[in-house]
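Below is a short report on one model. Please read it alongside the sequence and the 3D view.

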Amino acid sequence: PLTPGQTLPVGRQSLRGVELAFGLKPLRDLSIEGNLAWVDATLDDFYENVGGVPVSRAGNRPTNTPSRIANLWLDYAFAPKWTTGIDLRALSSRYADSANTTKAAGYGVFGAHLRWQLDAATSLAVRGRNLGDRNFIAYAISNDMAYLGEPRSWELELRKEF
């Protein structure tokens, strides 16, 4: 809702979908993982107040619910204690409002990482996210408000397991 603190009772919604996940190791040092999901989500019983009049949104798609999602990860151990990889993520368009009149565009982003395994319990990694520095809507609120996804960013991770 546009009014902070206000909640909207949705009534009932339903969802059907399927997700296919896979993992392959075509070479000893190469692993490929991914998933594809198809989602059919519907507002079954939902009334929205429009100018003081309740309007049924039954049959519409819930906001910010993509119908298709895909992820792919590739990891390659190119030397002892060293791995590198890329990740790809794609989402289809989503509706920004319960009337299903405004859409947030689908998007695809990619990243990469480089990891050094110092010892059995310690690793150091550098990771780049959204390397194409693509502008995209991560979460749509209405036809004139949205949260943008993260711009290109870099992370340095020191991981210690115990």
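## Glu 48 and Arg 57

In this predicted model, Glu 48 is partly exposed, at 22% relative accessibility. The cut-off for buried is under 20%, so Glu 48 does not count as buried at 22%. The side chain of Glu 48 meets that of Arg 57 in a salt bridge, 2.8 Å from N to O. Arg 57 falls in the other class: at 14% relative accessibility, this residue counts as buried. The bridge thus joins a buried Arg 57 to a partly exposed Glu 48.

## Other salt bridges

The structure holds 8 salt bridges. Arg 16 and Asp 40 form one of them, with 2.9 Å from N to O. Arg 16 belongs to strand β1 (residues 12-27) and Asp 40 to strand β2, so this pair ties together parts that are 24 residues apart in sequence. Arg 16 is exposed, with a relative accessible area of 61%. Asp 40 is partly exposed, at 34%.

Arg 159 pairs with Glu 161. Here the closest N and O atoms are 3.5 Å apart. Both ends have some exposure: Arg 159 is partly exposed at 43% relative accessibility, and Glu 161 is partly exposed at 45%. Salt bridges also build a network. Its members are Arg 115, Arg 127, Arg 129, Glu 155 and Glu 157.

## Strand β2: Ser 31 and Gly 34

Which residues does Ser 31 contact, beyond its neighbours within four places in sequence? They are Leu 24, Lys 25, Trp 73, Leu 74 and Asp 75. Ser 31 sits in strand β2. Its relative accessibility is 17%, so Ser 31 counts as buried.

Gly 34 also lies in strand β2, which covers residues 30-45. This glycine is buried, with a relative accessible area of 5%. Residues up to four places away in sequence set aside, Gly 34 touches Leu 20, Ala 21, Phe 22, Asn 71, Leu 72 and Trp 73. Trp 73 is thus a contact of Gly 34 and of Ser 31. Arg 127 is 93 residues from Gly 34 in sequence. In space, the C-alpha atoms of Gly 34 and Arg 127 are 19 Å apart.

## Aromatic pairs

A search of the whole structure finds 4 aromatic pairs. One of them joins Phe 78 and Trp 82. The ring centres are 6.3 Å apart, and the planes make an angle of 40°. That pair is tilted. Phe 78 is partly exposed, with a relative accessible area of 42%. Trp 82 is partly exposed too, at 32%.

Tyr 139 and Tyr 147 form another tilted pair, with 6.2 Å centre to centre and 40° between the planes. How exposed are its two rings' residues? Tyr 139 counts as partly exposed, at 44% relative accessibility. Tyr 147 is exposed, with a relative accessible area of 52%. The cut-off for exposed is over 50%, so Tyr 147 passes at 52%. Ring pairs also link Phe 78, Trp 82 and Trp 116 into a cluster.

## The second largest pocket

The second largest pocket has a volume of about 230 Å³. Which strands each supply at least two residues of its lining? They are β6 (82-91), β9 (107-119) and β10 (122-129). β9 gives the most, with 4 residues.

The lining includes Asp 87, Arg 89, Tyr 107, Val 109, Phe 110 and Gly 111. Gly 128, Arg 129, Asn 130, Phe 136 and Glu 150 are also lining residues. By type, the lining divides into 4 nonpolar, 3 polar and 4 charged residues. Arg 129 has two roles in this account: this residue lines the pocket and belongs to the salt-bridge network.

Technical notes: Residues numbered from 1 in each chain as written. Predicted model: local features only at pLDDT ≥ 70, side-chain atom pairs only at ≥ 80, totals over all residues. Heavy atoms only, no water. 1 Å grid on protein atoms, 1.4 Å probe; cavity = no way out; pocket = protein on both sides within 12 Å on 5 of 7 lines; lining within 4 Å. Points joined across faces, edges and corners; volume = space filled by probe spheres on them. Nonpolar A, V, L, I, M, F, W, Y, C, P; charged D, E, K, R; others polar. Phe/Tyr/Trp six-rings, centres within 6.5 Å; stacked < 30°, edge-to-face > 60°. Buried < 20%, exposed > 50% of the residue type's maximum accessible area, 1.4 Å probe, protein only. Contact = heavy atoms within 4.5 Å. Salt bridge = Lys/Arg side-chain N within 4 Å of Asp/Glu carboxyl O.
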